[in-house]
Amino acid sequence: GFAGAIYIIRPGAVDSTGPIIQYMGFVANQKPSAIFKLGRPKSQENVANPFASGLLPGAVQIAISVEPLDQVVQLTADSSSEAATRDVVSLVTSKLLANFSEYAASFAVAQSQMLPQPNEMFIPVSALNRWMEKIERRLAEDPDFFRK
């Protein structure tokens, strides 16, 4: 099969051989979408790009190349696109934790309101909050900790 390899060229990003072409990742039938974080342009990137006539300062060119899937899978994406993936995973995880905490807390009752139910287990909301804080702290320290 084939895939669309995604490359970018930032304005002013050149070396002795010409513009620096940065591989970001790929899309294919097996992976039909992706998010790539470009970051803000550095001040030296606001210079005119000979390949980007008519583009605004700081504009980025995007190139898509149809290449064999086996070849594209072996390419290594730029670390900024990997960081974007981690950012998205971190954001989704944080939102999921907050949603779960709010959902579980919606069932909270004061101890005086509890009726004896021998077949039910109860978890203090404070224990849930401590767990959530611990997960958020670990996520801030290492966004990939849950993969280990």
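This is a short walk through one predicted protein model, from its overall layout to a few single residues.

Let's start with the layout. The protein has 3 helices and 3 strands. Read from the N terminus, the order is β-β-β-α-α-α. The chain counts 148 residues, and 24% of them are buried. Now take the contacts with a sequence separation of 6 or more. Residues 24 or more positions apart make up 65% of those.

Next, confidence. Again, this is a predicted model. The mean pLDDT is 76, and 74% of the residues reach at least 70. Which elements mark the two ends of the range? Strand β3, residues 61-68, has the highest mean, at 89. Helix α2, residues 79-105, has the lowest, at 72. There is also a stretch to flag. Residues 43-52 have a pLDDT below 50. In the model, that stretch still has 20 contacts beyond near neighbours in sequence.

Now the strands. β1 covers residues 2-15, and β2 covers residues 18-27. They pair antiparallel, over 8 bridges. The link from β1 to β2 is a hairpin of 2 residues. Two bridge pairs are worth finding on the screen. Tyr7 has Tyr23 of β2 as its bridge partner. Ala5 has Phe26, also in β2.

β1 pairs with β3 too. That pairing is antiparallel, over 8 bridges. Here, look at Ala3: Glu67 of β3 stands opposite. So β1 pairs with β2 and with β3. How enclosed is β1 by the rest of the structure? Largely, because 10 of its 14 residues are buried.

That brings us to the core. The largest nonpolar core has 8 residues. They are Ala3, Ala5, Tyr7, Tyr23, Phe26, Ala28, Leu69 and Val72. Three elements each give two or more residues to this core: β1, β2 and α1, which is 69-74. β1 has the largest share, with 3 residues.

Stay with Tyr7 for a moment. This residue belongs to the core, and its bridge partner Tyr23 does too. What does Tyr7 touch, beyond its neighbours within four places in sequence? Ile21, Gln22 and Tyr23 are among the contacts. So are Gln61, Ile62, Ala63, Ser65 and Glu67. Leu75 is on the list as well.

One of those contacts, Gln61, sits in strand β3. Gln61 has a relative accessibility of 22% and counts as partly exposed. The cut-off for buried is under 20%. Now compare Gln61 with Arg10. They are 51 residues apart in sequence. In space, their C-alpha atoms are 6.5 Å apart.

For an exposed residue, go to Asn29. It lies in the loop between β2 and β3. Its relative accessibility is 77%, so Asn29 counts as exposed. Along the chain, Asn29 is 26 residues from Ala3. The C-alpha atoms of the two are separated by 7.6 Å.

On to the C-terminal helix, α3, residues 125-141. A quick check on its length. With 17 residues at 1.5 Å each, α3 should span 24 Å. The end C-alpha atoms are 24 Å apart, which agrees.

Which residues of α3 are buried? Leu128, Met132, Ile135 and Leu139. They cover an arc of only 65° around the axis, so they lie on the same side of α3. Recall the general rule: an α-helix has 3.6 residues a turn, so residues three or four places apart point the same way. The face of α3 turned away from the buried side carries exposed residues. These are Arg130, Ala140 and Glu141.

The buried side also feeds a core. A second, separate core has 5 residues, including Met132, Ile135, Leu139 and Phe145.

Last stop: Ser101, in helix α2. Is Ser101 buried or exposed? Buried, with a relative accessible area of 10%. Leaving aside neighbours within four places in sequence, Ser101 contacts Leu128, Asn129 and Met132. Two of these, Leu128 and Met132, are on the list of buried residues of α3. Keep the confidence in mind here, as α2 has the lowest mean pLDDT among the elements.

To sum up. β1 pairs with β2 and with β3, and gives the largest share of the largest nonpolar core. α3 keeps its buried residues on the same side, and a separate core includes Met132, Ile135 and Leu139.

Definitions and conventions:
Residues numbered from 1 in each chain as written. Predicted model: local features only at pLDDT ≥ 70, side-chain atom pairs only at ≥ 80, totals over all residues. Heavy atoms only, no water. Pairing = 2+ DSSP bridges. Helix = DSSP H or I, 4+ residues; strand = E, 2+ residues; numbered from the N terminus. pLDDT = per-residue confidence, 0-100. Contact = heavy atoms within 4.5 Å. Expected span 1.5 Å × (residues − 1). Buried < 20%, exposed > 50% of the residue type's maximum accessible area, 1.4 Å probe, protein only. Arc of directions from axis to C-beta. Core = buried A, V, L, I, M, F, W, Y, C linked by side-chain atoms within 4.5 Å.
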